[in-house]
Amino acid sequence: MDCTGGYLRLGANRALVHCPSANRAFLFTLPDPTNLEEADLTGLPPGVRLALFPQGGVDLLAYLTEGALGFRPANNPTGTPFQEVSLQSLTPTELRLDPGGRLLGAGYTATDTLFLAWNGAGNPASQSLGLFPGPIRLALDPVQGLVAYGTGFRVLSPRDSGARNPYTAYTAAAVGQDGYLYLARGSFLEVYDLQPNPLPTFPQGSAPLGFTPSSLAFLPVQ
């Protein structure tokens, strides 16, 4: 099975692996990954972005499509609990759960880039990111901050930086437990300190990597 472009999302008790190119997703119980089952994606279009949304001790399947944001049981598309809200048309590129229990989404239109935040009730909050239209990803740490990136980047917390470097393509990012933002710009790594207000105009450091990463992770070293 082709899982090019696949990604992992964590819930409260389970984890989700989504393989967009194969239009399949799999769930396994934590901490034992041997108990594998396939999620039912009936009715969800190609290009959908998925996450897990814990509600009442159950990890529900959350989804972001071109025109909707919602959640439903992972193995029963017509079951309950179910909630869906309509959105303006956008190309979805990211959906994940933040530590506060909200669903965070991102996408783009022909002229704009958008960030969405939803607690599962009412309408989601929507914010224009002001970045160059194209795929948008999110990097977050539960304590240190949240950043949207693609062509350009924007720190959303601990405080809004506004759009930065709107013509620079970033392929990966991580918000570290040390309070720094790490951004991959081609084969270079840029480092920004998230604590100063305003955010520094230039990175505190830059180093060649020798390759172009598609993802970054922060691993504390004792």
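Visitor: Which residue does a disulfide join to C3?
Guide: For a disulfide, we want a pair of cysteine sulfur atoms within 2.5 Å, and the structure holds 1. Its S to S distance is 2.0 Å. The residue joined to C3 is C19.

Visitor: What kind of model are we looking at?
Guide: Residues are numbered from 1 along each chain as its sequence is written, and side-chain values use heavy atoms, leaving out hydrogens and water. Local features need pLDDT of at least 70, side-chain atom pairs count only at pLDDT 80 or more, and totals for chains, interfaces and linings use all residues: this is a predicted model.

Visitor: Back to the disulfide: how many residues apart are C3 and C19?
Guide: The link of C3 and C19 is left-handed, with -85° about the S-S bond. It ties together distant parts of the chain: C3 sits in the segment before β1 (7-10), while C19 is in strand β2 (residues 14-19). Strands (E, at least two) and helices (H or I, at least four residues) are DSSP runs, numbered from the N terminus. The distance along the chain between C3 and C19 is 16 residues.

Visitor: Is C19 buried or exposed?
Guide: Buried means under 20% relative accessible area, exposed over 50%, and partly exposed in between (1.4 Å probe, protein chains only). C3 has 31%, so C3 counts as partly exposed. C19 has just 2%, so C19 is buried.

Visitor: Which strands are at the edges of the sheet β9-β10-β11-β12?
Guide: This is an open sheet of 4 strands with antiparallel pairing, where two strands pair if DSSP finds at least two bridges between them. An edge strand has a single partner, so one side of it is left without a neighbour in the sheet; that holds for β9 (91-97) and β12 (125-128).

Visitor: And what is the partner of L114 in β12?
Guide: L114 bridges across to β12. Strand β11 (residues 113-118) and β12 pair in the antiparallel sense over 4 bridges. In β12, the bridge partner of L114 is S128.

Visitor: By how much are neighbouring strands turned in the sheet β13-β14-β15?
Guide: Here 3 strands form an open sheet, paired antiparallel. Its edge strands, each pairing on one side only, are β13 (137-141) and β15 (164-169). Neighbouring strands are turned against each other, direction ignored, by an average of 35°. For such angles, axes are lines fitted to C-alpha atoms (for helices, over the stretch in contact) and angles run from 0 to 180 degrees between N-to-C directions, which here gives 35°.

Visitor: Which residue takes a positive phi in the hairpin of β16 and β17?
Guide: Strand β16 (residues 172-175) and strand β17 (residues 180-185) pair in the antiparallel sense over 4 bridges. One of the bridge pairs is A172 with A184. The hairpin has 4 residues between the strands, and the positive phi, near 85°, belongs to G179.

Visitor: Which residues have the most contacts inside the largest nonpolar core?
Guide: A nonpolar core is a set of buried Ala, Val, Leu, Ile, Met, Phe, Trp, Tyr and Cys residues joined through side-chain atoms within 4.5 Å. The largest one has 15 residues, and those with the most contacts inside it are A62, L69, L95 and L103.

Visitor: Which backbone nitrogen does the side chain of E94 reach?
Guide: E94 lies in strand β9, and E94 is buried at 4% relative accessible area. Contact means heavy atoms within 4.5 Å, and among the residues in contact with E94 are R9, R49 and I136. A polar contact is a pair of N or O atoms within 3.5 Å; within protein, one must be able to donate a hydrogen and the other to accept it, and residues adjacent in sequence count only if both atoms are side-chain atoms. The E94 side chain gets to 2.9 Å from the backbone nitrogen of L138.

Visitor: Where is P81?
Guide: A cis peptide bond joins T80 and P81, with omega about 5°. The spot for P81 is the loop between β7 and β8 (83-86).

Visitor: What is the relative accessible area of N23?
Guide: N23 is not a glycine, yet its phi is positive at about 55°. N23 is in the loop between β2 and β3 (24-29). It counts as partly exposed because its relative accessible area is 37%.

How values were computed
Lists of a residue's contacts leave out its neighbours within four places in sequence.
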